[in-house]
Amino acid sequence: MKTDQKQTAKTKELILKGLGVSPGVAIGPAHVRELGEINVPEYQIPAAKVPKERERFSNAVTKALNQVGKLKAKALTFHGAAAEELGYLLDAHLQMLGSTRLIGGIERRIAEDRRNAEAAVMAEMADIAHSFEEMDDAYLRTRAQEVREVGLRIIRCLTDATLTGFSNLDPGSVIIAEDITPADTALMDPEVVGGFATVLGGAEGHTAIMARSLGLPAVLGIGGLIGAVESGDKVIVDGTRGLVIVNPSAARLAEYQKTLRALARESRALARLQKVRAVTRDGEPVSLQVNIELPRELDHAVECGAQGIGLLRTEFLYMNRRDLPSEEEQYEALTEIIRGMKGRPVTVRTLDIGGEKLATSLGDQFHEGLNPALGLRAIRLSLKEPSLLETQLTAILRAGCHGPVRILLPMISAVSEIREVRKVMDALVKRLKRRGVQIADPLPPLGVMIEVPGAALAADSLARAADFFAIGTNDLTMYTLAIDRGEERVAHLFNPLHPAVLRLIQFSVEAAFRARIPLSVCGEVAGDPQFTALLLGLGVRDLSMTANALPRVKSRVLQLDMQAAMQRARAIMDQADAGRIKALIDDFNETLH
Ligand code: PEP
Ligand code: MG
């Protein structure tokens, strides 16, 4: 199947459609990420740790089953022989992940030989694959490859990262993969990687957010991607229109080269706005800040003229590693960012691990529950594992000596959670002062994310306990509408313009206003100019977004009349239908220039 498709692709241009999640165009050689690109750690485990290791292995198998199940659901949407063949193959993988010789053998190696799970998988996989390769029957010989694919999938689930860092690629390479995790994306260097495309993933997941942050054009959720592209094929990723073009024709290439030149011209024009203040036509100032994940995004944050960092997603410091970042390491990373912002405020969010954002380094302290989006994640994990929270808060308090910081708590759903954090912080402050450690003075404000519907509905009481609000529209939309933000099959239903989401935003804005505490919006809608008028019209005056989006949002603020935006927002809040709301927004935006 693969060879036939490959021949077709070689001779003919192939256009694949998916979700355009990060705008722009990348043209380059494809690098198809094989499951085998991983380093396998090998070590002996003490007898007492065997049960924990078996549990780790069993969690990885569950995760692998989940992945193959998702791929199978995707395959069902294809047509013809390819769908049938892929279906059989994935069924075989599902079967192998059940109670088979492979799984039993791995468990034995962990229990009896006391090998770490990755090494046990590697050894058992090699043994079984070898015995298939020795067979006379040609069909049975092909099963060796299947055993390897399943084994490598389990290893990837155990390691949770590629660990290769996409570093040995030709510059401008386009990564093609079944799935790319947020941790994978954090390893991509835009100097080397041009863009990427995957089979799985939704538009508001953290992989998509990271792609936008790094300015990498990306298209996710493309059904027939694997098998249609081979490493070395020329590929265009059109992240704006959601297209991947394999072996483009000469005319298509010329058309896209022209688009690239136009995009470069536009970004030069937008760069001129760096020093221009964000003020509406009727004189209302708006604060535009940036969201960052990695210290290396700092330069970009400064260059785009941000008034501060409205959201620092610290969880990325915990990814792609086997140990936890120490207090000193966190202090240094934060200090670099705070110093780099030269007096502009930095809002540091405490660890928001969970759901799709997994961190290998949390090891024993964290494993996904049955329903990761609703489980022990974010602030709940920090409060359950006080050492995580204390280390992080201490690093923030100390780094706060170098410039203004604010502390932001993710996934808050109850006032008691804020009180508990304050208690931990007060005790830490006392301890640090007693020891003569220099910390931020005055102490950083303590704010909360409004990203759980219950928090928005209880915004009045939260506003009395918190120093500021940051509305996370990504999770707020996901939890309000029960739509997984990282799932491509329901991506079309993810809609922050749903009247229920808008009411929760309005509720929170009004509560913050009554309590006279600052409020910002830091979900992805803040970086999309089509939403700017609506958010300002609802009373928001502080938006935090990826640095790449800031110039376009600023240009929109400059075109706007605040009074007109408020009037339009009032009309919008009377609507019951998301389609009508979108039409009212589009109609308003069309009048701006
Ligand atoms: C959000 O949920 O809107 C948000 C800003 O946080 P994150 O995207 O990191 O979950
Ligand atoms: Mg969130």
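How far is an oxygen atom of ligand 1 from an N or O atom in the side chain of His206? The separation is 3.0 Å. This is a predicted model, in which local features need pLDDT of at least 70, side-chain atom pairs count only at pLDDT 80 or more, and totals for chains, interfaces and linings use all residues. Residues are numbered from 1 along each chain as its sequence is written, chains are lettered from A and ligands numbered from 1 in the order in which they are written, and side-chain values use heavy atoms, with hydrogens and water left out.

**Ligand 1**

The distances from an oxygen atom of ligand 1 to three residues are tabulated below.

| Residue | Atom of the residue | Distance |
|---|---|---|
| His206 | side-chain N or O | 3.0 Å |
| Asn474 | backbone N or O | 2.7 Å |
| Arg485 | polar side-chain atom | 2.7 Å |

The protein covers 100% of the 290 Å² of accessible area that ligand 1 has on its own (Shrake-Rupley method, 1.4 Å probe). Ligand 1 is surrounded by 16 residues (a heavy atom within 4 Å), and Arg313, Arg349 and Gly472 are among the closest. Helix H8 (206-214), strand S10 (309-313) and H17 each supply at least two residues of this shell; H17 gives the most, with three. Helices and strands are DSSP runs of at least four and at least two residues, respectively.

**Magnesium ion**

Glu451 (OE) and Asp475 (OD) are the protein donors of the magnesium ion (ligand 2), at 2.0 to 2.1 Å. Donors are N, O and S atoms within 2.8 Å of the metal (3.2 Å for Na, K and Ca); water is not among the atoms, so sites may look incomplete. Glu451 lies in the loop between strand S13 (446-450) and helix H15 (453-457) and Asp475 in helix H17 (residues 473-481), so the pair ties together parts 24 residues apart in sequence. Glu451 is buried, with a relative accessible area of 2%, and Asp475 is buried at 4%; buried means under 20% (1.4 Å probe, protein chains only).

Methods: Buried < 20%, exposed > 50% of the residue type's maximum accessible area, 1.4 Å probe, protein only. Polar contact = N/O pair within 3.5 Å; in protein donor to acceptor, adjacent residues only side chain to side chain.
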